[in-house]
Amino acid sequence: MSYQGKKNIPKITSERLLIKGGRIVNDDQSFYADIYMEDGVIKQIGDNLIVPGGVKTIEANGKMVIPGGIDIHTHLQMPFRGTTTADDFTQGTKAALAGGTTMIVDHVIPEPGCSLLEAFDRWSKWADEKACCDYSLHVDITHWNDSVKQEVETLIKEKGVNSFQVYMAFKDLYQMSNTELYEVFTFLGEHGGIAQVHAENGEIIAEEQARMLEMGITGPEGHVLSRPEELEAEAVFRAVTIASQTNCPLYVTRVMSKSAADIISQARKKGNVVFGEPITASLGTDGTHYWSKNWAKAASFVTSPPLSPDPTTPDYLNTLLASGDLSVVGSAHCTFSVAQKAIGKDDFTQIPEGVNGAEERMSIIWDKAVVTGKMDENMFVAVTSTNAAKILNLYPRKGRIAVGSDSDLVIWDTDAVRTITAKTHHSAAEYNVFEGMELRGAPMLVVCQGKIVLEDGNLHATSGTGRFIPCSPFPDFAYKRVKARKQLAILKAVPRGMYDGPVSEFSPMSRGGTPSASTRTSPTKVPVRNLHQSGFTLSGPEEAPIRPAGRRIVVPPGGRSNITSLS
Amino acid sequence: MLQGESHEPHPFTESEAETVQKALLSVVVSERLLIKGGRVVNDDQSLYADVYVEDGIIKQVGENLIVPGGVKVIEANGCMVIPGGIDVNTCLHKPYLGTPPVDDFYQGTKAALAGGTTMIIDHVTPQPGDGLLEAFEKWQEAADKKSCCDYSLHVDIPHWHEGVKEELEQLVQEKGINSFQVYMAYKGLYQMPDSQLYEAFSFLKELGAVVLVHAENGDLIAQEQSKILGMGIIGPEGHPLSRPEELEAEAVFRAITIGNRVNCPVYITKVMSKSAAETVAIARKKGSVVFGEPITASLATDGSHYWSKNWAKAAAYVTSPPLSPDPTTPEHLHSLLACGDLQVVGSGHCAYSTSQKAIGKDNFTLIPEGTNGVEERMGFVWDKAVAMGKMDENQFVAVTSTNAAKIFNLYPRKGRIAVGSDADIVIWDPDKIKTITAKSQQSALEYNIFEGMDCRGGPLHVVSQGRVVFEEGKLQVQQGTGRFISRKPFPDFAYQRIKYRNKIMNMQGVSRGMYDGPVYDVPATPKYITPAPSAKTSPTTHQPPPIRNLHQSNFSLSGSQIDDNIPRRSGHRIVAPPGGRSNITSLG
């Protein structure tokens with residue numbers, strides 16, 4: 001296992017740690033065992049381990065020990081119109097750690113027209129300086145041309161990025177046409193990348209936004225009214241179609257509505273390689289708040305696709321998550337202060353989009369899915385950590401408690417109850433979309449890179465300790481099936497004799513493809529007619545019809561007899 | 001009762017019709033007809049009754065009718081008497097690269113009548129650059145000259161721009177057209193992007209028209225076509241390979257989404273695959289106003305023939321969307337037709353001869369698209385759905401005639417046997433067995449894609465405009481007798497629900513107090529739309545300090561406390577209003 005991190009794991013790693021008496025919960029099984037860690041790696045698992053003296057021992061007292069969460073979708077320190085999101089990499093990763101998440105994957109968003117590589121370097125510099133936990137990066141493809149193609153190839157081969165997001169919304173900014181999507185997907189499919197897609201029909205959104213503003217609806221409720229959930233479902237359907245045509249694994253970020261989730265589960269049933277990512281907000285709350293009389297509160301829920309006003313949505317998404325139809329939970333943590341949101345106080349289309357959720361992510365799933373009996377603890381591990389690690393090709397280094405894996409783990413207290421409030425959360429935002437919710441289940445102790453970062457409710461995180469974790473292409477989890485299908489899906493032409501019958505004369509107007517140079521040349525050789533091999537009858541109608549005028553037929557020498565020759 | 005009593009609102013066809021009437025007075029119009037002893041089958045019920053016809057109109061329906069002497073009597077002998085079929089999708093005048101199809105209005109309507117169809121609705125396909133009105137007039141002229149049965153026209157919209165709007169308005173209000181087709185395929189030719197579709201749907205809905213959609217994802221087709229040509233596949237099998245059925249299903253889904261957003265009825269022409277049909281069915285269950293039209297070819301045959309070794313045979317099946325290579329497709333479509341998830345059967349009849357098809361002999365993308373089916377349409381629905389026990393005879397009438405009449409606002413003038421309706425009547429023999437072959441067909445084509453298939457059920461007598469045109473296997477038609485039937489906008493069948501939804505769907509903004517908290521200062525780079533002119537003005541000038549009411553708000557302002565020691569980042573300018581940061585909202 002090669003750690004291609006920018007810096008070498010300093011000071012922290014000397015720490016040796018023994019967790020005793022815990023129940024290890026992986027995505028496949030749970031069992032009682034002790035865990036011994038050294039140098040940030042799990043060294044031994046089992047009963048009665050032989051460990052050096054002077055090791056710090058933690059008593060788990062039968063509590064669950066789970067792999068640290070992987071938050072596959074964050075926007076920390078994201079530039080937005082000259083400002084940045086309220087949570088930078090320090091603030092955001094602290095919130096993540098406080099919630100039991102020990103790795104984040106952030107989105108690099110290059111401005112359209114700018115270099116992907118430069119943007120990637122900028123982001124990794126920011127994260128190296130500030131992140132308190134390991135991180136990896138997705139790169140968003142905001143425009144498409146040949147130089148972008150080369151940069152994507154470099155990112156995959158040299159920089160350790162294997163997932164790229166494209167946008168079907170944000171018309172005239174990030175949005176790509178179907179043709180471009182087809183090309184991007186084809187390219188990613190060949191190079192072993194995962195195509196992530198922001199799925200909403202941007203064309204129709206633009207129309208609806210204009211209509212809403214014209215009707216005088218300028219508040220945050222206009223956001224959800226102009227982005228009804230079927231536009232999300234439509235785009236998901238289209239993305240699935242394009243991905244299946246190009247044989248490229250698809251990952252739908254932010255599944256916010258029932259109908260979008262349904263499309264994904266139907267597609268999976270048909271065999272499409274597609275993963276759906278609901279986010280903390282769509283699993284924990286709904287879009288009724290857009291109608292709040294309090295503008296700032298309503299605006300704090302603005303994200304795209306919007307939260308569904310249907311209050312039964314969170315329950316439904318949790319069900320699909322439990323059944324495996326949705327694969328991964330992200331947070332899409334992207335926080336703006338109220339003053340930043342207020343950029344759009346007179347026009348909802350100007351409200352910066354994003355909700356919090358990095359800290360609440362794991363507790364929300366525990367409370368809404370495990371406590372309610374929808375999901376078992378193994379599935380909980382799968383959707384919060386293991387599946388993400390598999391999709392990113394980081395498994396089993398991340399996402400599993402096993403010998404040789406990174407010592408990112410969490411002792412999970414299933415009985416802890418806490419009330420979410422902006423007063424105590426670790427994000428810098430002044431609001432919290434889950435304000436006032438009581439959640440069961442919380443991390444009791446968090447170990448990140450072999451070091452205890454959360455204990456007794458106190459966070460001891462250090463900025464700049466996070467390492468960049470490179471992701472290699474062709475993750476088995478997504479590509480095994482794709483590879484097998486590639487071998488099957490070779491199309492073949494039917495070997496036929498040349499058609500040498502008459503060809504109608506036509507005005508050379510090109511229609512899609514270029515017409516062949518000379519369709520008019522008549523064959524000189526008279527071919528052998530073989531009617532036995534053809535089930536096709538040539539006979540014309542008995543009573544000669546009135547021939548429409550202007551119908552010229554080029555008759556080859558030998559008359560009209562030969563429709564085909566089967567050589 | 002009949003809204004279509006005035007046949008032709010514009011003078012040209014009226015005079016034309018008059019001259020025709022005068023000329024044929026002795027032959028045609030004076031004919032009085034009594035159909036005795038038949039079972040009248042409408043879409044809602046069947047009953048034994050006699051039907052008396054005069055001047056092309058049904059005058060009486062019932063038993064023991066009192067009729068004038070000297071009336072021609074047809075003995076139905078207990079056979080079904082059904083409304084004449086309406087074929088809603090034909091292309092009898094659509095040229096391909098300058099060459100017209102071999103079945104023109106004469107040839108095509110002859111075939112229609114021989115199959116029990118007494119009215120067709122043809123597609124006007126303006127060539128790019130042509131005006132819609134100009135094209136419409138061309139089509140009408142051709143049809144008036146040649147058509148043997150009543151006809152109406154859909155107009156296709158090849159591209160969307162401001163000028164089209166005026167023409168559409170004129171077509172709806174003056175010309176009697178209430179249905180227009182848009183294309184989601186044919187990139188660079190007819191295809192419209194989503195935002196144009198949205199605008200077209202919005203506009204057509206205001207006019208009360210039905211939007212017909214050719215649903216296939218043209219962008220992806222173009223990609224696949226060049227990929228497949230690049231692989232050296234140039235034969236007709238490239239056609240279905242480059243247009244897999246999910247591209248159809250995707251476009252259907254998108255069309256329905258746009259229809260829902262605009263609250264506009266959507267009619268999907270040529271439903272060719274299971275998945276497209278499923279998408280229509282699911283949308284209907286959710287309440288969308290959407291109609292699906294399978295065609296003769298998709299109901300009776302499949303796409304396995306594209307792989308035929310015989311090029312001409314394979315090419316004969318080329319149509320778009322293509323026939324599905326899945327051989328279970330026809331049966332599935334019949335099931336959905338029988339349960340009402342699909343509503344109307346068209347023929348998609350568009351006949352190009354083998355030599356015309358051969359324009360694409362070296363490149364499948366150049367093969368002109370279209371299959372035959374106008375003559376076989378009703379027979380195959382009977383054979384594959386009614387005779388198999390999937391469908392009853394009333395539903396048969398619904399899908400072959402009544403539903404079409406309702407959707408396109410011809411009902412009850414067409415699509416029903418009732419007093420006052422047009423005398424377009426078919427006496428249907430459910431036991432007649434016919435083998436389909438190009439040798440005996442009415443179409444001018446030298447092939448038939450249903451060649452060799454046996455078909456149970458067929459017309460014994462066909463009455464069109466009150467005149468017997470098909471009897472004992474013989475056609476007696478005259479070109480130019482077909483009338484243009486104008487159609488009014490806002491058909492109830494499609495628009496009643498739309499109207500109610502319009503009333504309900506009025507959206508309202510939330511009335512809030514002005515937000516008067518701090519606003520982040522944004523550099524003037526417009527991002528989506530133009531930003532509000534001045535987001536920076538502080539509320540000193542016009543607002544009295546608002547009263548803060550914390551009781552009505554459960555929003556907590558308090559910032560983070562644990563990490564208060566974290567220094568604020570630079571570049572964080574906040575415009576604070578006078579009075580400090582206290583007011584986030586005022587509830588007015």
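In chain B of this predicted model, strand β13 (residues 425-435) and strand β14 (residues 454-464) run antiparallel and are joined by eight bridges. One of the pairs in this arrangement places B:Thr435, in β13(B), opposite its bridge partner B:Asp454 in β14(B). Strand β13(B) also pairs with strand β5 (residues 80-83) of chain B, again in an antiparallel manner, through four bridges. Here B:Met80 has B:Trp428 of β13(B) as its bridge partner. Strand β13(B) is thus joined to β14(B) and to β5 of chain B. In a regular strand, side chains alternate between the two faces of the sheet.

In chain A, helix α13 (residues 361-370) is mostly covered, with nine of its 10 residues buried. The buried positions in α13(A) are A:Arg361, A:Met362, A:Ser363, A:Ile364, A:Ile365, A:Trp366, A:Asp367, A:Ala369 and A:Val370. In an α-helix, which has 3.6 residues a turn, residues three or four places apart point the same way.

Cis peptide bonds are found in both chains. In chain A, the bond from A:Ser304 to A:Pro305 is cis, with omega near -15 degrees. A:Pro305 is located in the loop that lies between α10 (295-300) and α11 (313-323) of chain A. In chain B, the residues joined by a cis peptide bond are B:Ser320 and B:Pro321, and omega is about -15 degrees. The position of B:Pro321 is in the loop between α11 (311-316) and α12 (329-338) of chain B.

Positive phi values in residues other than glycine were also examined. A:Asn393 has a phi near 65 degrees, which is positive although the residue is not a glycine. This asparagine, A:Asn393, belongs to the loop between α14 (377-391) and β15 (409-419) of chain A. The relative accessible area of A:Asn393 is 24%, so the residue is partly exposed.

A second such residue is A:Gln449, which is not a glycine and has a positive phi of about 50 degrees. A:Gln449 is placed in the loop between β16 (438-448) and β17 (451-455) of chain A. With a relative accessibility of 3%, A:Gln449 is classed as buried, because the cut-off for that class is under 20%. In summary, A:Asn393 is partly exposed, whereas A:Gln449 is buried.

Note on methods
Residues are numbered from 1 along each chain as its sequence is written. Chains are lettered from A and ligands numbered from 1 in the order in which they are written. This is a predicted model: local features need pLDDT of at least 70, side-chain atom pairs count only at pLDDT 80 or more; totals for chains, interfaces and linings use all residues. Side-chain values use heavy atoms; hydrogens and water are left out. Helices (H or I, at least four residues) and strands (E, at least two) are DSSP runs, numbered from the N terminus. Buried means under 20% relative accessible area, exposed over 50%, partly exposed in between (1.4 Å probe, protein chains only). Two strands pair if DSSP finds at least two bridges between them.
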